[in-house]
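Hi everyone, thanks for making time. I'd like to walk you through one structure today, so let's bring it up on the screen.

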Amino acid sequence: MAIRKGVTNLSRFLLEEQRNFPEATGDFTLILEQIAFAAKIISREVNKAGIVNILGKADSSNIHGEQQQKLDVFANEKMIQALDHTGKICAMASEEVDDIINIPSKYPKGKYLVVFDPLDGSSNIDVNISIGTIFGIYKRVSSEGDGCRQDFMQPGRNLVAAGYVIYGSSTMFVYTTGRGVNGFTLDPSVGEFLLSHENMTTPEFGSIYSINEANYHKWDERIRNYVDHLKNIKERQYTSRYIGSLVADFHRNLLKGGVFLYPGDSKNPRGKLRLLYEASPLAFIVEQAGGLAVDGDNNILDIIPENLHQKTPLIIGSKFEVELFKKYWSKEL
Ligand code: P6P
């Protein structure tokens, strides 16, 4: 990677990355720039949510019957508006929308698909806990015209890009196109995402495990044994950190090392998190950073979705802790 002199903003970084792909048309770069634009708008609203009447519950619920927050609806609209006119996309899928989102007929269609959770962790908005946007970009499998549901039934292995935005003490845009992971921090004074975390890698092992232990008695015994092992491991002292906001828990572990688990349990056998627009994009990122993500038996990136909103257990983070989990899950330990 070239030694960067001075400040590198996201646009410059994307252009320099694009030069590595002679066949690149710039479609990709435009999509990522538009997602970053939506993120700036969402960040502005998230950071003043307490001031304007945008806190609290919308008078609607999403496809999962979950009470929508006003900012959920706002973030979803901004993501769609930022992307629908680009002419680079043939369809989108959002956690907040039941079916696929087609491109208005007045706009040309492109060869990409975008999946996103526009504002994950939104139940934390009113208590000022970090929340996030998660996104992934695929190439269409259908030939032309409108995208179709079948276009989205692709494993995470097929992702051409994935990323997240964390709205926390600062707003960060973290993404990969399969050539490493890079993080950009928003400088609100100039409205630019500036390169702050070049070539992010996650530690081989950590000392943090992140799981909602209130579900302990509903877990499969293998999960209880694994977590109990981490509590008693001799090589190092693990600590428990659980924010209850996926992007925040993931981002912390990406930087510091460790493991996040949202497993299935006796009440929710497939867990709570969604494969297409939560688990798969984060799995792509973590693998690019040297980590690993499984559902138990399978690498998350190898799972082919059967529907847009299917759930999956998610164990994700440093290679050591996830490989150790696989040993417990397969009953080797
Ligand atoms: P629980 C937030 O509602 C979310 O979807 C994820 O961001 C988070 O990891 C998870 O749910 C927390 O769920 O059941 O532990 O409250």
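A quick word on terms: the domain bounds I'll use come from an automatic or database domain assignment. With those, the protein chain splits into domain 1 (10-200) and domain 2 (208-329). Please keep in mind that this is a predicted model, where local features need pLDDT of at least 70 and side-chain atom pairs count only at pLDDT 80 or more, while totals for chains, interfaces and linings use all residues. Residues are numbered from 1 along each chain as its sequence is written, and side-chain values use heavy atoms, with hydrogens and water left out.

Let's start with how the domains meet. Taken over C-alpha atoms, the centres of domain 1 and domain 2 are 23 Å apart. Their contact (heavy atoms within 4.5 Å) draws 50 residues from domain 1 and 32 residues from domain 2.

Now for the area. The size of an interface is often given as the accessible area lost when the parts come together. Here domain 1 and domain 2 bury about 3000 Å², a value that uses a 1.4 Å probe and is summed over both parts. Of that, 68% is on carbon and sulfur atoms. On the domain 1 side, Met153, Arg157 and Tyr164 lose the most area to domain 2, together 21% of what that side buries.

What about charges? Between the domains, the count is two salt bridges, each meaning a side-chain nitrogen of Lys or Arg within 4 Å of a carboxyl oxygen of Asp or Glu. Arginine 157 turns up again here: glutamate 287 forms a salt bridge with arginine 157, and the closest N and O atoms are 3.1 Å apart.

Next, a look inside domain 2, at helix α5 (residues 246-256). Helices here are DSSP runs of H or I, at least four residues, and strands are runs of E, at least two, numbered from the N terminus. Nine of the eleven residues of α5 are buried, so the helix is largely enclosed by the rest of the structure; buried means under 20% relative accessible area, with a 1.4 Å probe and protein chains only. Among them are Phe250, His251 and Arg252. Just after α5, glycine 257 takes a positive phi of about 90°.

Last stop: threonine 312, in the loop between β14 (292-294) and β15 (314-317). Is threonine 312 buried or exposed? Threonine 312 is buried, with a relative accessible area of 1%. Leaving out residues up to four places away in sequence, threonine 312 touches residues including Tyr262, Arg270, Asp295 and Ile303.

Definitions and conventions: Buried area = accessible area lost by both parts, 1.4 Å probe. Buried < 20%, exposed > 50% of the residue type's maximum accessible area, 1.4 Å probe, protein only.
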